[in-house]
Each structure stands twice: as C-alpha cells, then as structure tokens.
Amino acid sequence: MAALGHRVLRAVEEIVREEMTAAGAQEVLLPVVQPLELWERSGRSDDYGPLMFRLRDRKDTAFALAPTAEEVITATVAADLSSYRDLPVNLFQIGWKYRDELRPRFGLLRTREFLMKDAYSFDADVDGLRVTYQKMYDAYHRVFERCGLTFRPVEAQAGEIGGDVNHEFMAVAAVGEDAFVWCRSCDYAANVEAARRRASPTDGADTPPMPDTSGVPEPEIVDTPDMPGIDAVATHLHEPPDALLKTMAFRMESEEGDAGVGLALVPGDRDLNEFALAAALAPRKVALFGEDDFAANPALPVGFLGPHAEGVDLVVADPGVATRTEWVSGANETDHHVRHLAPGRDFTIHTWAEIATVSTGDGCPRCDGELSVDRGIEVGHTFQLGTKYSEALDARYLDESGESHPMVMGCYGIGLSRIVAAVVEEHHDDDGMVWPADLAPYDVHLVALPGKGDTAAAVSTAADRLYAALGDRGLSVLYDDRDARPGVKFADADLVGMPVQLTLGAKGLERGVVERKIRAGGERDEVAIDDVDALATPPGAKAT
C-alpha cells in the first residue's frame, strides 16, 4: 500500500508541476536547512517560535528546518536579480517542509513533515503582482479540478506569512479540521476567522442603541455547581444557549508594555473570533487568559466570568449583545451564575465590535443570501505579500532611471500530501478507495483467476499476454497473479480502487472475453480478450 500511495503522490506532483509551468513559474530547489539569521532579519523567528525545528552546527551557527521558504528565496533573488529587466519572475519548488506541530493528527492532514509546493513571485509593482496572483489563482483551480476535488477558495487571515490579500483553498470534507463560511446565493466565501456577516442595524455604530431595560427584574444569583460551560448552565436553568452571555478575559499589551485586562462578550450560541478581537483593538496586542492569568486574577474565576467583574480595564462586546434586554451570565463567583443582567444598567460596554463568529443562517455581507458553515481541508493558500520580505532582506531592483525599489512579492503554497488525504476523503465508498483517473496509482487492475483445473496454465498464460499488451498500449497495470481465493482478490481490488478492473478466468477464456468493472459506478461488461484497443481505452481510464 505504501508503494501505491507513493505513486499517487507522484501523480499529484506531476499535475502541480505541469500547471505551475503553464502559469509561467520556473522550478528550483531550495535548501531544507536554512540559516536562522535570515528568519531573524525578517522578524519571523519569534513568530514561529516552537513551531520551528532549530539546530546548530559544529561551529554553533543556528539553523532551522524549513517550515516554508520566503526568507531563503528572497535572499537568493536579492543576490541574483537587480534590474527591472529581470522582473517579473516566479519560482517554485516541490520539497519537504518541517513544523513541530503541537498535536500531529489525522494521518496526512496535520504532520510534522509534509510535501509542499511553494512558489514565490517577484514583480516591479503592485499591478504586476495582481497579474501574477491571478495567474496562480487560476492555476490552483486547474490543479484541484484535475485532482477531482470539490473545493472553494475562501478569504483568509494571513497568519505568520503576512500580506494584505490571501485565499485559502478548502477541499470540502466532513473530517476537515478547518471551518469555512460560504454564501448559498453568491461567490462569497471565507474561513471562519475572516468571515463577515451582513451588518445589523447596530453594527458600525460607536454606541449602538441599547434596549429598554426598565422592566427587567433585579439581578438574581443562582447556584450552578460544577457547571462552567454554556450548555450545562442552559439546561440547568431551562434557558436557550443564546440567552446566556459568554464572557472571556484577555490580556492587553501596548508598545509601552502591559495595557491591562479586558473582557470580550458574545451571545452564548456564538464563539469568539480572536482575530476579529485583535483587529478591533490594534495596535494593542491581545491574548486570551491562560491558567497562569486566572491564577493571578482570583476575582475572575474561570468558567464563571461575568461582564460586571471588578478590576477590568476594557469591555468589548459584539453588537448581538445589544439585541437582548437581559442576560444570564457568570456571577464572578465559582459555582454561581446571575439572571436578569441588563446591558447598560448592570454592566458597561466600552467598545463595540463584530467579534462573534459567523453561524449558518447569518446574512451574506455581499448579497441578500444566507451563509452556511462547512468543514474542509486546507489544500492550498495564496498570498499577496507586498514588500514585507523584500525590504527586510534587501531584495531591490533599479528602474529605468536608476532609482532603487523593493520588489513586490507573492507566495503560493499547495500541500501535496494533504491533497492525497483530501482525495481519499472525497473519493471512497464502503469497500475502499475510488481514485480519480488522473491520480490512480495504476490505470487498470488486472485480476487473473486461473483456478486449479486443467485450464489453469492457459488462463495464466493469457493473463500474462494481456498484461503485456496493455503495457504496450501505454497503460500502467497492477497485475494480481497471486495464489489467493477470488473473493480476496476482488475485495483487494475494490480496496485499492483503480479506475478499471479486468478479470480473466477459465470461463471467460473459454468464451474469449474479459470481464470489465468500472470502480466508480460498479458497472460491468465483457470485452473480447483480443480487442486490446478497446481495453486500452476503457471508460474511466486516464488518457496516456
């Protein structure tokens, strides 16, 4: 099976290589062991932190195993290219990357070592970058279409890579560890971190209209022993989750140092979008409380926080908080919650921002449609980087008048090993894998059933000849001539999932036919054993 998987990986690699070349990219090979000094110059050594494998040579020089290659490619181009006449240039490689993942899981989906195609473009200006980016964006569509994936390009956060414009390419899969949002009526799509919903009447207001709380009873503290979560409290108090107020504590830090403690408020049926919170409070940095933070702030009990806590410097609320006259919230006392907590009366909100994650049924920000939330596997990511790396690593060019400018960069990644996993998730049934023709390890699975009778030798000889004839026609053939029961061979053929199965037994040889099965649909027919041309181009087999 390992050999079959390797052939699939090579097929994906060839598709990617063909489409990158067609898009104007040139293939290179960059080092896996990279000088850490380059990462320090770009400022990303700290950003990657423990995610990066680090090592030192015998001279005590620091290096890193490449998690990506923006620094190395930028330094390489800076040393080789210096004129506007050299631009644009787009370079790609296919090689192994290494990241010390905290929780490797899901087979090929989250690993410390993975095969990646990474490309890097260098243009003279932003307009040139946009042209290159569109070429690569279109090439990614062709790659994933050829691999047989159902996918969506979604707007995304840049993460450690950086850049203003970027898209994740998500293969739709129920087991995917990433959630993404898409509109049922238009082409809007984004990952949950970058997703927006249609603005409500209160969105965008510095101080949205507060509800009339004049009829709300006074706050009532209730016992909620060992119930630090929304669902348990909602069930215990016979309240819907969206009647509970979710309160999360965070630390703030400015350039001058510690900037205090804040609380983020979202309705209980929503999650906090940490990226949106960080964007709302920029340039201050924010970090959600960890165990040490809660230990240092006993007035903020984990699991029982409320928006009326003492010693808090800033309260940030999602506009959804203004849609209710009263809330159930943590009472800032372990094992207790409070009913009838009214916004504006019982707690103050300093800043309003859209910090709740998007949910299925929310309005689309671009049209009148509704949004859906699905899960997917990230198989590609494209970035318009701008000059972040070229300025840090001095990749500059001289224009026609001799003036120096930083090159404008883009980068484009595809996880080849992840594609294999994503294809298996989409193309399988209860019996095994159903490989798309362009990725199948072999075009044809030939099963010989010689049996034990007088015709056994004749069947084996005929199967050997058919194997050779198919190879001569340019097809790759997985030939099962094992001494095994027919049921075992058929089960294994379905398990490994070649597009076409050909079975030759004594009865078929007597009638001069081979049984053909199309794996994807299960259709069966018979083809004359000497009609090799027909067998060489069966339905579902890839052209060669």
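Start by selecting Pro 88, which sits in the loop between helix 4 (70-80) and strand 5 (89-98). Helices here are DSSP runs of H or I with at least four residues, strands are E runs of at least two, and both are numbered from the N terminus. Now bring in Leu 87 too: the peptide bond from Leu 87 to Pro 88 is cis, with omega near 0°.

Before moving on, some housekeeping. You're looking at a predicted model, where local features need pLDDT of at least 70 and side-chain atom pairs count only at pLDDT 80 or more, while totals for chains, interfaces and linings use all residues. Residues are numbered from 1 along each chain as its sequence is written, and side-chain values use heavy atoms, with hydrogens and water left out.

**Zoom out**

Show the whole protein as a cartoon: there are 14 helices and 29 strands to look through. Along the principal axes, the C-alpha atoms fill a box of roughly 95 × 70 × 50 Å. Of the 544 residues, 51% count as buried (buried is under 20% relative accessible area, exposed is over 50%, partly exposed is in between, with a 1.4 Å probe and protein chains only).

Switch on a surface, and the protein exposes about 25,500 Å², with carbon and sulfur atoms supplying 49% of that. The areas come from the Shrake-Rupley method with a 1.4 Å probe, and for residues only the protein chains shown count as cover.

If you like contact maps, residues 24 or more positions apart account for 70% of the contacts with a separation of 6 or more; contact means heavy atoms within 4.5 Å.

Next, colour by domain. The assignment gives domain 1 (2-177 + 371-425), domain 2 (220-352) and domain 3 (444-536), with bounds from an automatic or database domain assignment. Taken over C-alpha atoms, the centres of domain 2 and domain 3 are separated by 66 Å.

**Residues 220 to 352**

Pick Thr 224, in the loop between strand 11 (220-223) and helix 6 (230-237). Is Thr 224 buried or exposed? Its relative accessibility is 0%, so Thr 224 counts as buried. Leaving aside neighbours within four places in sequence, select what Thr 224 contacts: Val 233, His 236, Phe 304, Asp 335, His 336 and His 337.

Hop along to His 238, in the loop between helix 6 and strand 12 (245-254). His 238 has a positive phi of about 55° although it is not a glycine. This one counts as exposed because His 238 has 73% relative accessibility.

Then go to Asn 332, in the loop between strand 16 (327-330) and strand 17 (336-341). Asn 332 also isn't a glycine, and its phi is positive, near 60°. At 19% relative accessibility, though, Asn 332 counts as buried.

For a cis peptide bond, select Ala 282 and Pro 283, where omega is about 10°. Pro 283 lies in the loop between helix 7 (274-281) and strand 14 (285-288).

Now choose Thr 351, in strand 18 (residues 351-352). With 23% relative accessibility, Thr 351 counts as partly exposed. Not counting residues up to four places away in sequence, Thr 351 touches Leu 314, Val 315, Val 316 and Ala 317. Draw a distance from the C-alpha of Thr 351 to that of Ala 66, 285 residues apart along the chain, and you should read 41 Å.

**The cysteines**

How many disulfides does the structure hold? Zero, where a disulfide is a pair of cysteine sulfur atoms within 2.5 Å. Cys 186 is in no disulfide, and the nearest cysteine sulfur, that of Cys 183, is 3.7 Å away. Cys 364 is in none either; for Cys 364 the nearest cysteine sulfur is that of Cys 183, 3.6 Å away. Toggle the surface here: Cys 186 is partly exposed, with a relative accessible area of 24%, whereas Cys 364 counts as buried at 1% relative accessibility.

**Last stop: helix 12**

Select helix 12 (residues 486-496), where Lys 489, Ala 493, Asp 494 and Val 496 are buried. What covers the buried residues of helix 12? The cover includes helix 1 (2-22), strand 24 (432-433), strand 25 (444-449), strand 26 (477-480), strand 27 (500-505) and strand 28 (513-518). Step just past the end of helix 12 to Gly 497, which takes a positive phi of about 70°.
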